[in-house]
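Biologist: Please take a close look at the cysteines of this model and set them in the context of the whole chain.

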Amino acid sequence: RYGYSSIWLACCYYKQGNVRKAREISPSHYSFEPVDRRLTVESDKEADLAIRLQQEGKIEEAIQHAINCLQLEKAELGEFSLHCVGSYLTIGNLYAQIGDNNNALAHYNNGLAILSLLDIDKSIFNFHLLMGRVYAYLSGNDIQSALTDMKSLESISDYEKNENNDAYPAA
């Protein structure tokens with residue numbers, strides 16, 4: 001609950017225009033829309049199950065729970081929410097883990113499309129979705145597409161380093 005509380009508080013500071021305080025509280029999530037977590041109880045359970053099953057090596061089962069999570073998030077928060085982006089990332093990573101690059105790419109692309117619709121081009125989600133896509137492209141020997149995404153990754157990294165005085169942990 002502490003994690004949810006800090007994200008909520010950071011989002012509120014951000015909405016009030018205090019970006020510095022928002023970043024201080026939650027560096028990765030400060031600019032997201034605050035969400036009433038009572039709406040995400042069931043989807044959070046599915047996400048937790050997916051993570052646990054992934055850790056146990058039961059990837060196919062983990063995929064099903066991650067998909068259930070995504071469906072619940074779409075129903076509760078709308079299909080263009082940042083929560084859905086996180087689920088697309090998780091599902092893409094799970095498919096990549098079993099070598100299903102086509103499904104991995106489809107889910108990474110769905111997440112990136114939502115970020116594009118929301119006009120978010122430099123976020124931690126963009127960074128991780130592009131990283132996943134680079135991995136899938138390289139696994140499929142699509143070097144040119146991987147290089148293109150790597151340039152975008154470098155751009156995000158440079159932007160975040162500038163914004164955070166060279167202290168961005170994911171870049």
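**The cysteine pair and its surroundings**

Modeller: The sulfur of Cys 69 lies 8.4 Å from the closest cysteine sulfur, which belongs to Cys 84, and this is too far for a bond. A disulfide requires the two sulfur atoms to be within 2.5 Å. Seen from the other side, Cys 84 is likewise in no disulfide, the nearest cysteine sulfur being that of Cys 69, 8.4 Å away. The structure as a whole holds zero disulfides. It should be kept in mind that the model is a predicted one.

As to solvent exposure, Cys 69 counts as buried, at 4% relative accessibility. Cys 84 is buried as well, with a relative accessible area of 0%.

The wider setting is a helical chain. The secondary structure comes to eight helices and zero strands, and the pattern read along the sequence is α-α-α-α-α-α-α-α. Of the 171 residues of the protein chain, 39% count as buried. Among contacts with a separation of 6 or more, 47% are accounted for by residues 24 or more positions apart. The accessible surface comes to about 9,800 Å², and carbon and sulfur atoms hold 49% of that surface.

The interior can be described through the largest nonpolar core. This core has 33 residues, of which Val 85, Leu 115 and Leu 129 touch the most other members. The elements that give two or more residues to this core are helix H3 (41-55), helix H4 (59-77), helix H5 (82-97), helix H6 (101-117), helix H7 (124-139) and helix H8 (143-163). The most is given by H5, with nine residues. For Val 85, leaving aside neighbours within four places in sequence, the contacts are with Gly 111, Ile 114, Leu 115, Phe 125 and Leu 129. Two of these partners, Leu 115 and Leu 129, are named with Val 85 among the core residues that touch the most other members.

Attention may now turn to the outside of the chain. Leu 138, Ile 143, Leu 147 and Met 150 make a nonpolar surface patch of about 340 Å². H8 provides the largest share of this patch, three residues. Ile 143, one of the patch residues, has its place in helix H8. The relative accessible area of Ile 143 is 44%, so this residue is classed as partly exposed. Helix H8 therefore appears in both descriptions: it is among the elements that give two or more residues to the largest nonpolar core, and it gives the largest share of the nonpolar patch, whose member Ile 143 is partly exposed.

Two loop residues deserve mention for their backbone angles. Asp 119 lies in the loop between H6 and H7, and its phi is near 60°, a positive value in a residue other than glycine. Asp 119 is exposed, with a relative accessible area of 70%. In the loop between H7 and H8 lies Asn 141, which has a positive phi of about 60° although it is not a glycine. Asn 141 is exposed, with a relative accessible area of 65%.

To return to the request: Cys 69 and Cys 84 are buried, but their sulfur atoms, at 8.4 Å, are too far apart for a bond.

Key. Residues numbered from 1 in each chain as written. Predicted model: local features only at pLDDT ≥ 70, side-chain atom pairs only at ≥ 80, totals over all residues. Heavy atoms only, no water. Core = buried A, V, L, I, M, F, W, Y, C linked by side-chain atoms within 4.5 Å. Buried < 20%, exposed > 50% of the residue type's maximum accessible area, 1.4 Å probe, protein only. Helix = DSSP H or I, 4+ residues; strand = E, 2+ residues; numbered from the N terminus. Contact = heavy atoms within 4.5 Å. Patch = residues over 30% accessible without salt bridge, like charges linked within 9 Å, V, L, I, M, F, W, Y side chains within 5 Å. Areas by Shrake-Rupley, 256 points an atom, 1.4 Å probe, with all protein chains shown as cover. Salt bridge = Lys/Arg side-chain N within 4 Å of Asp/Glu carboxyl O.
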